[in-house]
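This report describes selected features of one protein model. The sequence and the coordinates are shown below, and the discussion follows them.

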Amino acid sequence: MTADFITPVVDNPYLYGQIAAANSLSDVYAMGGEVKCALNLLMWDKCHITKEMMREILEGGISKIKEADGFLLGGHTIADEEQKYGLSVTGLICPQKIWKNNTAQKGDILILTKPLGIGVLTTALKAGMLSPLMQEQISTSMAFLNKYATQIAKDFSIHACTDVTGFGLLGHLYEMINPKISIKINSCNLPIFKEAFEFANMGIIPGGSYSNQKAIEDFCHFNLPPNSPYQNLEILLFDAQTSGGLLLALPQEEAPKLLERLINEGLEHSKIIGEVIKREDKPLLIT
């Protein structure tokens, strides 16, 4: 059982409902589970959100619950000064097949299934700086269910998994650490919306990304090569995501096959981004 809700990240109420629901459903998929039912969690800003807009938000949410093969059983609504929406979700999983987030093993390969940069780009959207095409691309990414990555990955030996959301890539990678391992990331192979670099250079960065950086930068060792796109823009590695992809750790010999299946079945942004190594001085190594 899990729960999550978010403030609006896009202007379209139906898309906001879809994204908030996908974000809430993701925690079940990150454990290798199946969604069974959900409850709406709605904090209604009546001063700015009309009944018609509210209906669209809820319709967007239920569209994703249905896509997840789940059932909406009800929910709870309160008045609030800031709009929020999400779900409490109940899923089902075999106790012997739970994907934990901190059980990666030395030699594992890491695969990320969605591109990064969402925090920067949604901040640019709120500032009215994002093109309609880019708005569509990030909305599609955020609303895309991690259900499909989970269904594919279940055919492989997944040692650990988490989804990438508010703590950013490095924050969620840090969650995957255990005392026996460090994680080495190839910054040149990270999937990212290229427009995020442009806006980050302009200082269009959400406050949550700076909070992430402050919280975990002491656990990171950066040795970025001159050709790394993140040179001078390390903050993007801390960027707070909404409804990001799955981070999957699995044996080296299986990783290319999983990547191939993910790409062939529509998750074309999936990338091998790093590896699990024996414990070093810092738990996270970014090269």
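Where is the place of I93? I93 sits in the loop between β4 (84–92) and β5 (109–112). The model is a predicted one, and every value given here is computed from it. I93 has a relative accessible area of 28% and is therefore partly exposed, since the buried class ends at 20% and the exposed class begins over 50%. When residues up to four places away in sequence are not counted, I93 touches M31, G32, G33, I98 and W99. For one of these partners, M31, the separation in sequence is 62 residues, while the C-alpha atoms of I93 and M31 are 8.2 Å apart in space.

**Helix packing**

Two helix pairs are described here. Helix α1 (residues 13–29) packs with α2 at an angle of about 40°, and their axes are 7 Å apart. The two helices are therefore oblique to each other, and their crossing is right-handed. On the α1 side, the contact is made by P13, Y14, Y16, G17, Q18, A21 and L25. On the α2 side, the contributing residues are M53, E56, I57, E59, G60, G61, S63, K64 and I65. By class, the contact of α1 with α2 has eight nonpolar, five polar and three charged residues.

The second pair consists of helix α3 (residues 118–126) and helix α4 (residues 132–143), whose axes come within 11 Å and cross at roughly 135°. That angle makes α3 oblique to α4. The crossing of α3 with α4 is left-handed. In this contact, I118, L121, T122 and L125 of α3 meet M134, Q135, I138 and M142 of α4. The classes represented are six nonpolar and two polar residues, with no charged residues.

Helix α6 (residues 168–175) is described by its burial. Six of its eight residues are buried, so α6 is largely enclosed by the rest of the structure. The buried residues of α6 are G168, L169, L170, G171, H172 and L173.

**Salt bridges**

How many salt bridges does the count come to? The count comes to eight salt bridges. The table gives three of the pairs with their N to O distances.

| Pair | N to O distance |
|---|---|
| K64 and E67 | 2.8 Å |
| D80 and K84 | 2.6 Å |
| K194 and E195 | 3.4 Å |

K64 and E67 both lie in helix α2 (residues 51–67), three residues apart, which is about one turn of the helix. K64 is buried, with a relative accessible area of 8%, whereas E67 is partly exposed at 27%. K64 is also one of the α2 residues that make the contact with α1.

In the pair of D80 and K84, D80 is partly exposed, with a relative accessible area of 26%, and K84 is buried, with a relative accessible area of 15%. K194, which meets E195 in a salt bridge, counts as exposed at 62% relative accessibility. In addition, a network of salt bridges links E34, K36 and K154.

**An exposed lysine in β10**

K278 lies in strand β10 (residues 271–278). Why does K278 count as exposed? The relative accessible area of K278 is 55%, and the exposed class covers values over 50%, so K278 belongs to that class. Leaving aside neighbours within four places in sequence, K278 is in contact with K106, K180, I181 and S182. K278 and K84 are 194 residues apart along the chain, and their C-alpha atoms are separated by 42 Å.

**Positive phi outside glycine**

D69 and S243 are described together for their backbone angles. D69 has a positive phi of about 65°, although D69 is not a glycine. This residue is found in the loop between α2 and β3 (71–79). D69 is exposed, with a relative accessible area of 53%.

S243 is likewise not a glycine and has a positive phi of about 50°. The loop that holds S243 runs between β8 (220–222) and β9 (246–250). Is S243 buried or exposed? S243 is buried, with a relative accessible area of 2%.

Technical notes: Residues numbered from 1 in each chain as written. Predicted model: local features only at pLDDT ≥ 70, side-chain atom pairs only at ≥ 80, totals over all residues. Heavy atoms only, no water. Salt bridge = Lys/Arg side-chain N within 4 Å of Asp/Glu carboxyl O. Helix = DSSP H or I, 4+ residues; strand = E, 2+ residues; numbered from the N terminus. Buried < 20%, exposed > 50% of the residue type's maximum accessible area, 1.4 Å probe, protein only. Axes fitted to C-alpha atoms, helices over the stretch in contact; angles between N-to-C directions. Parallel < 35°, antiparallel > 145°, perpendicular 65-115°, else oblique. Left-handed = near helix turned anticlockwise from the far one by under 90°. Contact = heavy atoms within 4.5 Å. Nonpolar A, V, L, I, M, F, W, Y, C, P; charged D, E, K, R; others polar.
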